[in-house]
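Here are a few notes to read alongside the model. Have it open while you go through them.

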Amino acid sequence: MNYLIVGASSGLGRDLANTLSKNSHNLILISRDKRDLDVIKSDLENRYKTKISSFEVDLASKDSVVSFLDNNEIKLSTIDGVLFPIGMMSDNDTITQIKSEIDQINDANFLSIVKFLEKIIPIFNEKQKGTIIGFSSIASSLGREKNMLYSASKRALNSYFESLSATFVNTNIKVQFYILGYLDTNLAFDKKLILPKASTKQLATKVLKNIGKNNIKKYYPGWWGLISYFISIIPFFIIKKMFKFIK
Amino acid sequence: MFKKKINSLDRSTNVDIFIKRPDKYREIEKFSLSSDNLITMGACASYTPASFKKNNLSLLFTKFDRIINFDKANKTITVEAGIKLSNLLNFTLKENLWLPQIPGYPSITLGGAVAANTHGKSSDTHGTIRNQIKSILIFHKTHGWMSLSDKENKNIFDLTIGGFGLTGTIVNVELELIEITGCNFTTTIEKVSSAKDAVEKLNNKDFSNLFSYSWNKTSNIKKFGEGLIFNNKVNENEKNLPIRKMNFKNKSLNKYFTFNLWNKYSIKFFQNLYYNYFTIYKNKTINDNYENVLFPYAGKETYFHMYGKKGFIESQLLVPLNKVDIFLDELEQLINVDEPDIVLFSIKKIIGKELFLRFENTGICFTFDFSKNKKNLNFLEKLDVLSIKHGVKPSIIKDSRLNSNTIKKCYNDFENFRKNLSEFDNKKIYRSELSDRIGI
């Protein structure tokens, strides 16, 4: 099978590329920096002898995404599935500091995915099959003071994937959506967190195991589902009190 | 930034440091430029604090572990420096190729091995890892990306191999691999009556053996150095067997028992047990797998834990061939007087040539492990004097006690290294506890 991985150069994307290539799938890898892509490509080709193509695309830039999509329609027509392990955070992501990065965070976490699927879904419709795998964050469960736009764009992504699931519920186009807790990636490496970080390698193995299934919405690690559920049933006036208490 | 308390493996140093873990090329640049001083960290499995400094930044390089190029016909491979040596071998051994200069623990990274110019157990045949390095790519905060080889930036190339990471972050390394006919070994065990007997036998080694090294007893002063020589050769009957992938669990080397369990009684007990196990219970010839042969410390981490909270000191000494007899005579006299508690004593031969601060020359390498107490520290000070007297090189990467004065006297090229490094980086941007201690 041929899979497109959007955001393949580090963290979960890199482990997904490794796991899929190890299982003899050919890959198209997309990421921002050619240096990282070149190294991942040669590593996978040397280790697993699979076919790897790579493209330098800045997912935080609408122009870069549109240019890639317009120029690579033939390449995209070969894919059987697409995975979006992308996420962009910024230390400036607060109500007063965000300014110039608003578009970048929105594009990287949400709008670039919509743009990609705008091109890919017609291809899957024509083939009458395909797999779409998205990754959101537990940060989407509740608004917050820091990573404000990140959580908002991830919440938009949740809604978008629910819509995709509803659209393709009775078809061979499989929609899978993972809501991720803390992962051992560079986004979380130097942060002191109360709860443990999960392994991206184990998650990649799980994604591969589930790849044939339809309409998946899963929390990873699973216990974040419980936390998310409690957050959703707590009345907002209590949440406000919690914010006050934390401050 | 993420602050973490960290221990050197020998537990000589326990400090708070900042850690960043780049996993993209632009992050190497970004993190390096963000800090006044830094050093690169691989597995952090050096006995001495070579990959960190108090309140300084360490760049944890473990995410850079990919194969960039492999040319089977020319037997070359280019790999990122954060690759664990066991993972590198998992790839190359499938192709009947290997890197012989492998230190004793599987999680050690290639970058760490290059920065320490490691020698492995076939050091009498293959010398140090320097012999396999064709080129290196480094990133330096002020000099940026630099390709190093015999043809390009040769001076920095030479400073980087065995340069303790002080010339910048080693990003990737091109290696010339060596053919190996099989990965299962036959180990033959030979008794030796003394350290001198071991040296003589190791010096006249049968080169059909890939590895030859000794383990010697220290608990009986009258029979000091009595022990065993282990000879490992490829098992010709099993050379076509498929290679099993090495998969070492991440055991913490840094754990320790509350108290030091090594004293003269336990040393005597364990040394006699080990000696009798191999001389009475085991056959003289045994079949062994390559994990055990290449990485003898893997799975035996308890050995380090037993030194307790105070830790241990490893003294590794490279004695020129023409000084071995007199050095051993004087060493035995010193041991007779001071009676230090030597937990481990091992001998092997090394070939090579001196340059800068590399632990390399043609000579006999003696390794001693001590628990850290006043008696042993006094003995080690006398051993330093003996080393200076006979032109013996103590290993800088192994012994956390060594000061600038001793190293200056034992390494002819000390000032040359310092001068060259200073010309390259006069601000001393890349520094560690080790480099500060020895004054480079």
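The points below go through the chain contact, two helices and one serine.

1. Before anything else, keep in mind that this is a predicted model. Residues are numbered from 1 along each chain as its sequence is written.

2. Start with where the chains meet: 15 residues of chain B are in contact with 15 residues of chain A. On the chain B side, helix 1 (25-33) and strand 5 (67-71) each supply at least two of the touching residues. Strand 5 of chain B gives the largest share, four residues. As for chemistry, the side of chain B that touches chain A splits into seven nonpolar, seven charged and one polar residue.

3. Next, helix 8 of chain A, which spans residues 200-209. Which of its residues are buried? They are T200(A), L203(A), A204(A) and V207(A). These cover an arc of only 100 degrees around the axis, so they sit on the same side of helix 8 of chain A. It's the usual helix arithmetic: with 3.6 residues a turn in an α-helix, residues three or four places apart point the same way. The cover over the buried residues of helix 8 of chain A includes helix 1 (11-22), strand 5 (130-137) and strand 7 (216-220) of chain A.

4. Over in chain B, have a look at helix 10, residues 324-338. From first C-alpha to last, its 15 residues reach 21 Å, close to the 21 Å expected at 1.5 Å a residue. Right after helix 10 of chain B comes E339(B), with a positive phi near 45 degrees.

5. Helix 10 of chain B also has a buried side, made of V324(B), F327(B), L328(B) and L331(B). Their arc around the axis is only 95 degrees, which means that they lie on the same side of helix 10 of chain B. What do the buried residues of helix 10 of chain B pack against? Their partners are helix 6 (195-203), strand 16 (312-320), strand 18 (363-371) and helix 11 (374-390) of chain B. Turned away from that buried side is a face of helix 10 of chain B with the exposed residues D329(B), Q333(B), N336(B) and V337(B).

6. Last one: S266(B), which you'll find in helix 7 (residues 264-281) of chain B. Is S266(B) buried, exposed or partly exposed? It has 16 other C-beta atoms within 10 Å, so S266(B) counts as partly exposed; being buried would take 20 or more, and being exposed 12 or fewer. S266(B) and V343(B) are 77 residues apart along the chain, and their C-alpha atoms are separated by 9.0 Å.

Terms used:
Chains lettered and ligands numbered in written order. Predicted model: local features only at pLDDT ≥ 70, side-chain atom pairs only at ≥ 80, totals over all residues. Contact = placed C-beta atoms within 7 Å. Nonpolar A, V, L, I, M, F, W, Y, C, P; charged D, E, K, R; others polar. Arc of directions from axis to C-beta. Expected span 1.5 Å × (residues − 1).
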